[in-house]
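Student: I would like to learn how to read a structure that is new to me. Could we go through some contacts between side chains and then any enclosed space?

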Amino acid sequence: MQTHVDMSAPYSYIRELKCFIFDIDGTVALATTPIPEAVDFILRLRHAGKRVMFYTNSPNRSHQEMVEYLGKMGFEPREDEMISAGDVTIDYLKKNHPGARVYLVGVPEMERMFVEAGINVVPASEPTADVVVSGFDKTLTFEKAAAACRMIQRGAKYICTHPDRSVPIEDCLLPDAGAIAAMITAATDVFPIYMGKPEPSAMALIERQTGLRASQMCMIGDRLYTDIAFGNRAGATSVLVLTGGTSAAEGAAATGDERPDVIVPHLGVLAEMF
């Protein structure tokens with residue numbers, strides 16, 4: 001386990017990887033503030049001809065909105081570099097519950113994304129649904145949560161877009177989808193099926209998008225139980241950065257799927273390679 005990457009073996013192989021997948025919150029940005037070392041690293045990767053992907057567990061923005069968000073911070077993103085837990089959830093619904101009536105607990109942007117993808121979204125006034133999907137929701141009300149609980153107790157399948165319990169901003173942590181799911185589970189005794197990281201299913205989408213194999217990729221993120229576990233389960237190299245929700249001590253103590261291949265304080269350390 002390293003807290004600094006030696007340019008020589010055994011970590012020089014990172015230079016030979018073809019695709020670098022970045023978490024967003026806590027890894028390349030904090031809310032609307034870019035992490036400067038991340039901007040430099042990603043621009044160096046582009047100059048070196050590497051493929052860049054952004055994989056966020058937040059399902060709250062369309063691909064175009066993600067491009068605009070990251071573009072304002074200087075990352076020079078493209079729409080075909082974006083994947084979110086929303087994409088993974090929509091793909092799962094289409095494959096496993098085609099035509100299902102779906103009730104969403106999420107922000108309006110998430111609902112628009114699902115509707116535009118052809119998902120049959122029903123309102124809270126419906127007595128039940130086939131599937132309840134919850135995600136991050138800054139518009140959460142008691143009525144929305146109550147509708148989800150009622151539908152789940154009447155037999156709806158329960159899916160959560162991602163398990164992140166909190167989202168980092170500049171000075172604190174805010175409740176994320178995992179915290180909302182914990183509330184719904186406490187009321188219903190029903191645990192959701194989680195999409196997004198750390199589930200490895202998104203790697204198939206990334207491989208199709210890039211034409212590369214997981215073994216040629218590097219997953220970089222700030223969360224052990226989502227970013228690092230996803231990279232390891234999917235067969236990619238995993239790199240933990242300490243700019244978000246995880247400390248050096250926590251990274252060094254991690255085991256199993258959550259143990260990163262490399263730990264760096266920030267992405268400027270990796271930028272030295274390029």
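**Salt bridges and a cavity**

Tutor: Start with one pair: the side chains of Asp40 and Arg44 meet in a salt bridge, with 3.1 Å from N to O. Keep in mind that this is a predicted model.

Student: Where do Asp40 and Arg44 lie?

Tutor: Both belong to helix H1, which covers residues 36-47. They are four residues apart, about one turn of the helix.

Student: Are Asp40 and Arg44 buried or exposed?

Tutor: The word "buried" is kept for residues under 20% relative accessible area, and "exposed" for those over 50%. Asp40 has a relative accessible area of 32%, so it counts as partly exposed. Arg44 is also partly exposed, because its value is 32%.

Student: Which residue forms a salt bridge with Glu65?

Tutor: That partner is Arg112, and the closest N and O atoms of the pair are 2.7 Å apart. Glu65 sits in helix H2 (residues 63-72) and Arg112 in helix H4 (residues 108-116), so this salt bridge ties together parts that are 47 residues apart in sequence. Glu65 is partly exposed at 25% relative accessible area, and Arg112 is partly exposed at 36%.

Student: Which residues are joined into one network by salt bridges that share partners?

Tutor: The network consists of Arg46, Arg51, Arg78, Asp80 and Glu81.

Student: How many salt bridges does the structure hold?

Tutor: There are 15. One of them pairs the side chains of Lys197 and Asp23, at 3.0 Å from N to O. This pair links distant parts of the chain, 174 residues apart. Lys197 is in the loop between strand E12 (193-194) and helix H7 (202-210), while Asp23 is in the loop between strand E1 (19-22) and strand E2 (29-30). Both Lys197 and Asp23 are buried.

Student: Now the enclosed space. What shows where empty space is left?

Tutor: The general idea is to roll a probe the size of a water molecule over the atoms. Here, a search of the whole structure finds one cavity of 30 Å³ or more. The volume of the largest cavity is about 30 Å³.

Student: Which residues line the largest cavity?

Tutor: Its lining is made up of Ile24, Thr56, Ser58, Asn60, Arg61, Met66 and Tyr69.

Student: How do the residues of the lining divide into nonpolar, polar and charged?

Tutor: Three are nonpolar, three are polar and one is charged.

Conventions. Residues are numbered from 1 along each chain as its sequence is written. This is a predicted model: local features need pLDDT of at least 70, side-chain atom pairs count only at pLDDT 80 or more; totals for chains, interfaces and linings use all residues. Side-chain values use heavy atoms; hydrogens and water are left out. On a 1 Å grid over the protein atoms alone, a cavity is a set of points where a 1.4 Å probe fits but cannot get out, and a pocket is an open set with protein on both sides within 12 Å along at least five of seven lines; lining residues have an atom within 4 Å of a point. Grid points are joined across faces, edges and corners, and a volume is the space filled by probe spheres set on the points. Ala, Val, Leu, Ile, Met, Phe, Trp, Tyr, Cys and Pro count as nonpolar, Asp, Glu, Lys and Arg as charged, and the others, Gly among them, as polar. A salt bridge is a side-chain nitrogen of Lys or Arg within 4 Å of a carboxyl oxygen of Asp or Glu. Helices (H or I, at least four residues) and strands (E, at least two) are DSSP runs, numbered from the N terminus. Buried means under 20% relative accessible area, exposed over 50%, partly exposed in between (1.4 Å probe, protein chains only).
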